[in-house]
Amino acid sequence: GYMKNTSNIIAWTSIDEQCFPLNTEVLTPLGWKLISDMKLGDKVYGFKEGNLQEEEVIKTIRKSFKGNLITIGNKRHSISTTPNHEFIYKKSSDWLKSTADNLKLNNHMQIPVTSNFKSNSTLKLSDLDRLKIAIQADGTQLYWNNEGGDKLPRGKEGGNNYSITLYKERKVLRLRNILESLGVEFSETEIFNNSKKGTYFRFHLDYLSDYKNLDWVYKYELSKEFCEEFIQEVLLWDGHVSNTEKCYTTTNKSNIKIVEHMAILAGYRTSIYENKDSDRSENYNNCFKINLTNKDSEVVLGNSYNKTNDYFYDQDVVCITVPSGGIIVKQGDKAPFITGNCHAN
């Protein structure tokens with residue numbers, strides 16, 4: 001009879017769990033993953049008192065829910081949760097939590113929007129990494145067809161040949177410096193395209209990849225410094241930087257999510273937009289743009305967000321628990337949101 005009320009306690013905590021709808025994704029070291037797919041021991045980024053670090057999932061939950069969800073946010077950032085889900089906020093110098101239904105959004109409290117990524121890694125962006133970024137932005141892997149009609153990569157001894165055509169002098173200088181720094185032999189040819197002068201580079205690498213995807217970053221143990229340098233480099237090749245804006249543009253949806261991931265670890269606020277260029281013509285691909293703002297700004301005033309509870313939901317809800325008690329999540333095309341997780345006990 002020592003544990004006669006244990007079953008009642010377990011039943012109560014399961015009912016009291018706070019959760020997300022099924023379309024919710026959580027940021028992990030391997031990118032965005034649906035929370036519903038997370039398992040015990042999986043790695044995610046845990047948030048506590050302004051800091052972000054890798055942690056293991058110590059609990060998962062999935063249960064049915066019928067009722068109104070509460071949505072907190074604005075046009076760019078928003079998240080929908082069950083009414084008892086915990087939100088993280090800062091008041092004066094104290095980090096606190098409140099359930100969604102009790103959260104008071106005013107100018108006396110602050111909502112976290114960026115974080116300080118902490119890692120044991122001292123990784124920095126190498127010149128080879130910079131070359132991979134250049135190939136992704138402007139390069140092409142070269143192929144040839146044999147007598148049987150097979151398409152084979154050009155190159156020798158297991159390597160590949162690549163070409164990059166550039167029309168901006170700053171890119172020409174940067175690529176030349178990268179190749180020289182790596183000791184890669186290359187050729188340059190001056191070309192003209194509709195009276196537009198360009199430079200055609202051709203070189204060989206002993207690696208089997210076309211590098212049109214940026215997913216090679218997931219082979220690394222990331223550091224904040226690496227992520228900062230990565231963002232600076234992608235902006236040089238496929239980005240725009242002004243006094244008021246930093247943005248990266250690509251037609252590759254998986255790459256835009258990887259850049260978003262790296263930007264979050266570098267301390268940026270992010271928002272992604274999709275231009276439906278394919279609606280204009282089948283010759284166009286949709287274009288994705290990510291804006292990067294307010295690096296290391298940490299928080300925004302609570303009164304910049306709104307709270308509504310008119311989102312009726314009748315499906316399962318899901319959540320996870322990490323030791324730190326906070327995670328980074330997103331829903332649909334909304335920007336990432338730092339929030340609490342479900343109860344651990």
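Which element gives the most to the lining of the largest pocket? That would be β20, with 4 residues. This is a predicted model, and the briefing below walks through its pocket, its cavity and three helix pairs. Helix α4 (residues 224–238) turns up in each of those pairs, packing with α3, with α5 and with α2.

**The largest pocket**

- About 340 Å³ of space sits in the largest pocket.
- Its lining counts 16 residues, and I272, Y273, G332, D333 and K334 are the ones nearest the centre.
- Two elements, α5 and β20, each chip in at least two lining residues.
- If you sort the pocket lining by class, you get 9 charged, 5 nonpolar and 2 polar residues.

**The largest cavity**

- Look for enclosed space of 30 Å³ or more and you'll find 1 cavity in the structure.
- The volume of the largest cavity comes to about 120 Å³.
- Around that cavity are 15 lining residues, with H77, V113, P336, F337 and I338 lying nearest its centre.
- Strands β10 (110–112), β20 (269–275) and β25 (337–340) are the elements that each give two or more residues to this lining.
- So β20 is worth finding in the viewer: β20 supplies lining residues to the largest cavity and also to the largest pocket.
- By class, the cavity lining splits into 10 nonpolar, 4 polar and 1 charged.

**α4 with α5**

- Helix α5 covers residues 253–266, and its axis comes within 8 Å of the α4 axis, crossing at roughly 125 degrees.
- That angle makes α4 and α5 oblique to each other.
- The crossing is a left-handed one.
- On the α4 side, the contact uses K224, F226, C227, E228, F230 and I231, and on the α5 side V259, M262, A263, L265 and A266.
- Residues of this contact divide into 9 nonpolar and 2 charged, with no polar ones.

**α4 with α3**

- Helix α3 (residues 169–182) packs against α4 at an angle of about 130 degrees, and the two axes are 10 Å apart.
- Here too the helices are oblique to each other.
- From α3, the residues making the contact are R170, K171, R174, L175 and I178, while α4 brings E233, L236 and W237.
- The class split is 4 nonpolar, 4 charged and no polar.

**α4 with α2**

- Helix α2 spans residues 127–138, and its axis and that of α4 come within 9 Å, crossing at roughly 35 degrees.
- This crossing is right-handed.
- D129, R130, I133, A134, Q136, A137 and D138 are the α2 residues in the contact, and they meet F226, E229, F230, E233, V234, W237 and D238 of α4.
- Sorted by class, the contact has 7 nonpolar, 6 charged and 1 polar.

**α4 residues that show up twice**

- F226 and F230 of α4 touch α5 and also meet α2.
- E233 and W237 of α4 take part in the contact with α3 as well as the one with α2.

How values were computed. Residues are numbered from 1 along each chain as its sequence is written. This is a predicted model: local features need pLDDT of at least 70, side-chain atom pairs count only at pLDDT 80 or more; totals for chains, interfaces and linings use all residues. Side-chain values use heavy atoms; hydrogens and water are left out. On a 1 Å grid over the protein atoms alone, a cavity is a set of points where a 1.4 Å probe fits but cannot get out, and a pocket is an open set with protein on both sides within 12 Å along at least five of seven lines; lining residues have an atom within 4 Å of a point. Grid points are joined across faces, edges and corners, and a volume is the space filled by probe spheres set on the points. Ala, Val, Leu, Ile, Met, Phe, Trp, Tyr, Cys and Pro count as nonpolar, Asp, Glu, Lys and Arg as charged, and the others, Gly among them, as polar. Axes are lines fitted to C-alpha atoms, for helices over the stretch in contact, and angles run from 0 to 180 degrees between N-to-C directions. Angles under 35 degrees count as roughly parallel, over 145 as roughly antiparallel, 65 to 115 as roughly perpendicular and the rest as oblique. Contact means heavy atoms within 4.5 Å. A crossing is left-handed if the near helix is turned anticlockwise from the far one by less than a right angle, and right-handed if clockwise.
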